[in-house]
Amino acid sequence: MAEVHVIGQIVGASGFPSNSLFCKWGIHTGGAWKLLSGLREGQTQVDHPQFDNVAYWSHPIDVHFATKGLQGWPKLHVQVWHQDSFGRSELYGYGFCHVPSSPGFHPLDCVTWRPLGSWQEQFSQLFVGGGPQLLNSDLIYTGADRYRLQTRAMGTVHLQLAVLLRNFDRYGVES
């Protein structure tokens, strides 16, 4: 079987309206993919920068997959959360990016968005916090019904990934 090894890190995030951010992440693959080692999902620590508006996480990613085909190539999806001074967590954005299909080192920027909700929910969010969230997180990385959502652009998650491919040439795939 062909193998894909992804090694890297979630460097941090910028462009969000507040500090004290953390990130939940996961990797989604198709049915022909098998996880050989590593974690398919995780969460960073909360970073509260004192001087600039960039959160630094330097959270490691190290996953190793085996596959029988190219369909369902890995996608990395993220959720950025804000933690206030009372320890409450508020969703700040969803985003995803495809794991690069060429071997080598790849710096990536994953733009994020969040659902707007109705005007009543937006007004309530100003005073109470919180806000609308997706009931089904599959909408983050599948385009099925996402086009019907009203969203707002948020910040950017910065990643550095190194991709290693093995045995793809045996199956007629040139890298």
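This briefing walks through the packing, the cavity, the salt bridges and two backbone oddities of the structure above. Keep in mind that the model is predicted. In brief, a nonpolar core of 31 residues has Trp57 among its best-connected members, and a whole-structure search turns up one cavity of 30 Å³ or more. There are three salt bridges to look at, plus positive phi values at Ser20 and Asn167.

**Nonpolar cores**

- The largest nonpolar core has 31 residues, and the ones touching the most other members are Trp57, Val157 and Leu159.
- Strands S1 (2-14), S2 (21-28), S5 (54-67), S6 (75-83), S7 (89-98), S8 (104-115) and S9 (151-166) are the elements that each put two or more residues into this core.
- Another core sits apart from that one, with six residues, including Phe22, Trp81, Tyr94 and Leu134.
- What does Trp57 touch, if you skip residues up to four places away in sequence? Its contacts are Ile10, Val11, Gly12, Ala13, Leu21, Phe22, Cys23, Thr44, Gln45, Asp47, Val80 and Val157.
- Two names on that contact list turn up elsewhere: Val157 is itself one of the top-connected residues of the largest core, while Phe22 belongs to the separate six-residue core.

**The cavity**

- Rolling a probe the size of a water molecule over the atoms shows where empty space is left.
- Here the search finds one cavity of 30 Å³ or more, and the volume of the largest cavity is about 30 Å³.
- Its lining is made up of Phe16, Ser18, Asn19, Leu21, Pro49, Asn53, Val54 and Ala55.
- By type, that lining splits into five nonpolar and three polar residues, with no charged ones.
- Leu21 does double duty, as it lines the cavity and also touches Trp57.

**Salt bridges**

- How many salt bridges does the structure hold? The count is three.
- One of them pairs the side chains of Glu3 and Arg166, at 3.4 Å from N to O. Glu3 is in strand S1 and Arg166 in strand S9, so this pair links parts that are 163 residues apart in sequence.
- Glu3 counts as buried, because its relative accessible area is 14%, under the 20% cut-off.
- Glu90 and Arg114 also meet through their side chains, at 3.7 Å from N to O. Since Glu90 belongs to strand S7 and Arg114 to strand S8, the bridge ties together parts 24 residues apart in sequence.
- Is Glu90 buried or exposed? Glu90 is buried, with a relative accessible area of 16%, and Arg114 is buried too, at 8%.
- Asp84 and Arg88 form a salt bridge at 2.7 Å, again N to O.
- Both ends of that bridge are partly exposed: Asp84 has 22% relative accessibility, and Arg88 has 48%.

**Backbone oddities**

- Most residues other than glycine have a negative phi.
- Ser20 goes the other way, with a positive phi of about 60 degrees.
- Where is Ser20? You'll find Ser20 in the loop between S1 and S2, and its relative accessibility of 11% makes it buried.
- Asn167 is another non-glycine residue with a positive phi, in this case about 65 degrees.
- Asn167 is located in the segment after S9, and with a relative accessible area of 17% it is buried as well.

Terms used
Residues are numbered from 1 along each chain as its sequence is written. This is a predicted model: local features need pLDDT of at least 70, side-chain atom pairs count only at pLDDT 80 or more; totals for chains, interfaces and linings use all residues. Side-chain values use heavy atoms; hydrogens and water are left out. On a 1 Å grid over the protein atoms alone, a cavity is a set of points where a 1.4 Å probe fits but cannot get out, and a pocket is an open set with protein on both sides within 12 Å along at least five of seven lines; lining residues have an atom within 4 Å of a point. Grid points are joined across faces, edges and corners, and a volume is the space filled by probe spheres set on the points. Ala, Val, Leu, Ile, Met, Phe, Trp, Tyr, Cys and Pro count as nonpolar, Asp, Glu, Lys and Arg as charged, and the others, Gly among them, as polar. A nonpolar core is a set of buried Ala, Val, Leu, Ile, Met, Phe, Trp, Tyr and Cys residues joined through side-chain atoms within 4.5 Å. Buried means under 20% relative accessible area, exposed over 50%, partly exposed in between (1.4 Å probe, protein chains only). Helices (H or I, at least four residues) and strands (E, at least two) are DSSP runs, numbered from the N terminus. Contact means heavy atoms within 4.5 Å. A salt bridge is a side-chain nitrogen of Lys or Arg within 4 Å of a carboxyl oxygen of Asp or Glu.
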